[in-house]
Amino acid sequence: MELRQLRYFVEVAEREHVSEAAAELHVAQSAISRQIANLESELGVELFEREGRNVRLTHIGKVFLTHTKSALKAIDHAKKQIDEYIDPERGSIKIGFPTSLASNLLPTVVSEFKKKHPKIAFQLRQGSYNFLIESVENREIDVAFLGPVPSDHPDIIGDILFSENFYALVPNTHTLAEQSHVNLRDLHDEDFVLFPEGYVLHQLVIDGCKQAGFTPKVSSQGEDLDAIKGLVAAGIGITLLPESAFNDINPHYCAKVAIQSPELKRTVGIIIPKNRKLAPSEQVFYEFIKNFFSVLQKYQ
């Protein structure tokens with residue numbers, strides 16, 4: 001069994017088409033078909049069912065695909081460990097982040113890190129809360145920034161970098177726009193603009209409002225921060241957002257109002273896998289981030 005055969009197998013399995021896999025891999029279709037046949041012969045089972053020009057995984061083929069992908073990730077990580085052992089400053093790090101941290105935290109820490117380690121490359125991936133946790137767990141992403149930080153996940157280590165308050169975002173025509181603060185329970189009659197159910201920021205707002213004694217009336221939803229801010233600016237409703245999401249608020253359209261009671265906060269931090277050792281460049285980045293925010297906290 002060769003690595004080449006396994007990589008060919010995964011590409012064909014995910015595309016369900018031999019010629020498309022061949023085009024992606026830049027090899028002849030006949031070469032892929034031959035290697036797949038050799039792999040099936042060695043295993044003693046059929047991995048694919050042929051359906052005209054398309055192929056479909058057999059039941060055992062699906063099982064083999066799951067294990068093969070895990071094995072290839074482990075091999076790729078092992079090679080990365082070796083490459084970076086030889087030269088840690090030429091590594092590449094896959095970093096995940098949520099939309100709420102995209103405009104301020106991410107560019108700040110990456111730019112500061114690049115000043116000290118200019119040769120280390122980054123691959124950045126934005127995603128939802130659960131997606132980022134699963135991606136770190138499954139080796140799709142090396143490290144991820146997240147808020148709130150999970151504290152009891154069996155396969156994830158979470159380090160809290162800081163905590164931040166939530167604020168109300170209201171249209172500048174709203175009666176609250178001129179106020180410096182508001183009690184959360186005083187918003188019980190307002191229309192809210194939130195992320196859809198399943199998003200962690202949706203649940204944090206719902207939980208905060210319930211703590212204040214009411215369930216918010218959700219009039220509209222947006223799947224990213226720009227959409228939510230735009231809906232608020234248009235006067236559709238108000239929303240509650242963490243402080244790091246307020247960097248690019250246009251004061252001509254919206255106003256930021258502090259929430260006095262009850263206090264609504266979230267932790268923000270970095271997560272890494274618990275059962276996998278970080279590659280050298282990943283470890284350098286991880287330690288840099290923890291030190292960066294430790295120093296920052298001392299001056300605040």
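**Salt bridges, cores and backbone turns**

Q: Which class does glutamate 16 fall into: buried, partly exposed or exposed?
A: The label follows from relative accessible area: buried is under 20%, exposed is over 50%, partly exposed is in between (1.4 Å probe, protein chains only). Glutamate 16 has 33% relative accessibility, so it counts as partly exposed.

Q: What kind of model is this?
A: Residues are numbered from 1 along each chain as its sequence is written, and side-chain values use heavy atoms, without hydrogens or water. Local features need pLDDT of at least 70, side-chain atom pairs count only at pLDDT 80 or more, and totals for chains, interfaces and linings use all residues; this is a predicted model.

Q: Where is glutamate 16 found?
A: Helices (H or I, at least four residues) and strands (E, at least two) are DSSP runs, numbered from the N terminus. Glutamate 16 is not in one of the two helices named here; its place is the loop between α1 and α2.

Q: What is the phi of glutamate 16?
A: Most residues other than glycine have a negative phi. Glutamate 16 is not a glycine, yet its phi is positive, at about 55 degrees.

Q: Which residue forms a salt bridge with glutamate 16?
A: A salt bridge needs a side-chain nitrogen of Lys or Arg within 4 Å of a carboxyl oxygen of Asp or Glu. Glutamate 16 supplies the O, and the N to O distance is 3.3 Å. The pair links distant parts of the chain, with the partner in strand β2 (residues 54-57), 40 residues apart from glutamate 16. That partner counts as partly exposed because its relative accessibility is 30%, and its name is arginine 56.

Q: How many salt bridges are there?
A: Side chains of opposite charge can pair when their charged atoms come close. Glutamate 16 and arginine 56 are one such pair. With the salt-bridge rule applied, the count is twelve.

Q: How far apart are N and O in the salt bridge of glutamate 2 and arginine 4?
A: Glutamate 2 is partly exposed at 39% relative accessibility. Arginine 4 is partly exposed too, with 42%. Their side chains meet, N to O, at 3.1 Å.

Q: Which strand holds arginine 50, the salt-bridge partner of glutamate 40?
A: The closest N and O atoms of arginine 50 and glutamate 40 are 3.5 Å apart. Glutamate 40 sits in helix α3 (residues 29-43), so the pair ties together parts ten residues apart in sequence; arginine 50 is in strand β1 (residues 48-51).

Q: Is glutamate 40 buried or exposed?
A: Arginine 50 has 49% relative accessibility and counts as partly exposed. Glutamate 40 has a relative accessible area of 11%, so it is buried.

Q: Which residues are joined into one network by salt bridges?
A: Some salt bridges share partners. Through them, one network takes in Glu11, Arg15 and Glu24.

Q: What is the phi of histidine 26?
A: Histidine 26 is found in the loop between α2 and α3. It is exposed, because its relative accessibility is 73%. It is a residue other than glycine, but its phi is positive, near 60 degrees.

Q: Which proline is joined to glycine 147 by a cis peptide bond?
A: Most peptide bonds are trans. The bond after glycine 147 is cis, with omega about 0 degrees. Its partner lies in the loop between β5 (143-146) and β6, and that partner is proline 148.

Q: What is omega for the bond from serine 261 to proline 262?
A: Proline 262 is placed in the loop between β11 and β12 (265-273). The bond from serine 261 to this proline is cis, and omega is near -10 degrees.

Q: How many residues are in the largest nonpolar core?
A: A nonpolar core is a set of buried Ala, Val, Leu, Ile, Met, Phe, Trp, Tyr and Cys residues joined through side-chain atoms within 4.5 Å. Among those with the most contacts inside the largest core are Phe166, Val170 and Leu184. Its size is 35 residues. Elements giving two or more residues to this core include β6 (156-171), α7 (200-211) and β11 (254-261), and the residue total is 35.

Q: How far apart in space are aspartate 189 and proline 216?
A: Aspartate 189 is in the loop between β7 (181-183) and β8. It counts as exposed because its relative accessibility is 55%. Aspartate 189 and proline 216 are 27 residues apart in sequence, but C-alpha to C-alpha they are apart in space by 7.9 Å.
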